Amino acid sequence: LDTLEKWVTEIFSEIPNNGLPKPSFGHLTQPFDTPEFHKLYRVVPIRKVHSLTITWALPPQEQFYRVKPLHYISWLVGHEGKGSVLSFLRKKFWALALYGGNGETGFEQNSTYSIFSISVTLTDEGYKHFYEVAHVVFQYLKMLQKRGPDQRQVIWEEIQKIEANEFHYQEQTDPVDYVENLCENMQLFQKEDFLTGDQLLFEYRPEV
């Protein structure tokens, strides 16, 4: 560690600090406020696959990284057990898989907006009923919205424990990739969260 610290000091200490604030584009509050966003697009795939993707543009969520509300919602949407969206669609023979969430990359989450997407892999029969599939997805989200998060702290804590286990027992990554990831984290999180902010859940805040 002493040797590494010496190298870092030698290499990086000469880089000037201009004292400039981090750039923010938060004033661009409605990047998707265009009629083209509120449409259904059909794209002919190269492979024989049917996929329905629904995308919402939300206010910026990156400041809530200690809560990770989109991760929590994606966990509920992606649940595959009894009463889930996927369970219902499979009983109808309309869907094979479903996943939803936010990739937390620069495009999907930044100071201007956050993207939340739900993608359903459809069967041939499901493709014929994709309007009904979309309706079921919206019904499920409406149900989550109506019931609220107050009764689901147990679920949040379950996610928190799983992410903590994955963090503590993760495999060693390539050092270059690890450093690159930490450098990105330094632009997004408080100093004490550089190592953990992109993985761990810290606070349960139902209002968020």
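On a 1 Å grid over the protein atoms alone, a pocket is an open set of points where a 1.4 Å probe fits, with protein on both sides within 12 Å along at least five of seven lines, and its lining residues have an atom within 4 Å of a point. A pocket volume is the space filled by probe spheres set on the points.

The model is predicted, and local features need pLDDT of at least 70, while side-chain atom pairs count only at pLDDT 80 or more. Residues are numbered from 1 along each chain, and side-chain values use heavy atoms.

| Pocket | Volume | Lining residues by class |
|---|---|---|
| Largest | about 860 Å³ | 16 nonpolar, five polar, three charged |
| Second largest | about 690 Å³ | 18 nonpolar, three polar, three charged |

In this classification, Ala, Val, Leu, Ile, Met, Phe, Trp, Tyr, Cys and Pro count as nonpolar, and Asp, Glu, Lys and Arg as charged. The residues closest to the centre of the largest pocket are Lys39, Leu40, Tyr41, Leu52 and Thr53. Strand S1 supplies the largest share of that lining, seven residues. In the second largest pocket, Pro69, Ile73, Leu144, Gln145 and Val208 lie nearest the centre. Its lining takes two or more residues from each of S1, H2 and H5.

The largest nonpolar core (buried nonpolar residues, under 20% relative accessible area, joined through side-chain atoms within 4.5 Å) has 27 residues, and Leu98 is among those that touch the most other members. Helix H5 (130–147) is among its contributors, and H5 gives the most, seven residues. Leucine 98 has contacts (heavy atoms within 4.5 Å) with residues including Val77, Val85 and Ile118.

Terms used. Buried means under 20% relative accessible area, exposed over 50%, partly exposed in between (1.4 Å probe, protein chains only). Helices (H or I, at least four residues) and strands (E, at least two) are DSSP runs, numbered from the N terminus. Lists of a residue's contacts leave out its neighbours within four places in sequence.
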